[in-house]
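Please open the model in your viewer and keep the selection panel at hand. The stops below go from a sheet to the helices across it, and then to two pockets.

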Amino acid sequence: MSTSFERVSRMSVGYDMSEVDEFLARARTAYEDREPGFTGADITSASFGTERGGYDMRVVDEALDRLSDAFALQARDDAIAEQGEQAWIEQLTRRAEVLKERLERPAGERFAPAAQGEPAYDRTDVDALCDQLVAYFTEGLPMSVDDVRRAAFRRRRGADGYQEAVVDVYLDHVADVMASVP
């Protein structure tokens, strides 16, 4: 993966170029050496400082998504080589079942409400995506991992919405499972 990305204008703010380059160099080494201590979760949780004239955030984020997919597929291949395809399918099915359990909760109760005054995601928006995920997991509704990654929710405050961090972590797990399926 190239570590040279499109840059924003000098007047705009983008990701800190040295931080992005350093992270991607570390990720590349981890991928090539199959380091077990570096996973797709490290990629989805990566954050970078900003600087004027830095890397275009959208372009870097899209590259990180592709890198996360590559790590998920590598983990799948490694698991199949170690345990066999049937064991991997059973493991993936268990992970999907655990994720599906949350989706089966009633709308409005799928995630914890945010604390008083805390920024939150609109429950209706999150529940609409969850309904699509139910159809994906149970009925085979066509849906891509990018549909999950690019989901956007209106903002709310406090108990009127779901805790952002909890929703984000859950959706990262969903994306990881989806990316593991070829």
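**The sheet and the pockets**

In this predicted model, begin by selecting strand S3 (residues 119-122) together with S4, which pair in the antiparallel sense over three bridges. Within this pairing, pick Ala120 and then Arg156, its bridge partner in S4.

Now add S5 to the selection, and an open sheet of three strands appears in the order S4-S3-S5, with antiparallel pairing. Strand S4 (155-157) and strand S5 (161-163) stand at the edges, and because each has a single partner strand, one side of each is left without a neighbour in the sheet. On average, neighbouring strands of this sheet are turned by 55° against each other, direction ignored.

Next, display helix H5 (residues 123-139), which lies across S3 and S5 and runs at about 50° to S3. H7 lies across S3, S4 and S5, running at about 70° to S5.

From here, turn to the largest pocket, which holds about 630 Å³ of space. It is lined by 28 residues, and those closest to its centre are Thr39, Gly40, Phe71, Ala75 and Asp176. Helices H2 (40-44), H3 (57-83), H4 (85-103) and H7 (164-180) each give two or more residues to this lining, with the largest share, eight residues, coming from H3.

Finally, select Thr44, Asp65, Arg149, Arg150 and Asp172, which lie nearest the centre of the second largest pocket among its 20 lining residues. About 540 Å³ of space lies in this pocket, and its lining comprises eleven nonpolar, three polar and six charged residues.

Methods: Residues numbered from 1 in each chain as written. Predicted model: local features only at pLDDT ≥ 70, side-chain atom pairs only at ≥ 80, totals over all residues. Heavy atoms only, no water. 1 Å grid on protein atoms, 1.4 Å probe; cavity = no way out; pocket = protein on both sides within 12 Å on 5 of 7 lines; lining within 4 Å. Points joined across faces, edges and corners; volume = space filled by probe spheres on them. Helix = DSSP H or I, 4+ residues; strand = E, 2+ residues; numbered from the N terminus. Nonpolar A, V, L, I, M, F, W, Y, C, P; charged D, E, K, R; others polar. Pairing = 2+ DSSP bridges. Axes fitted to C-alpha atoms, helices over the stretch in contact; angles between N-to-C directions. Contact = heavy atoms within 4.5 Å.
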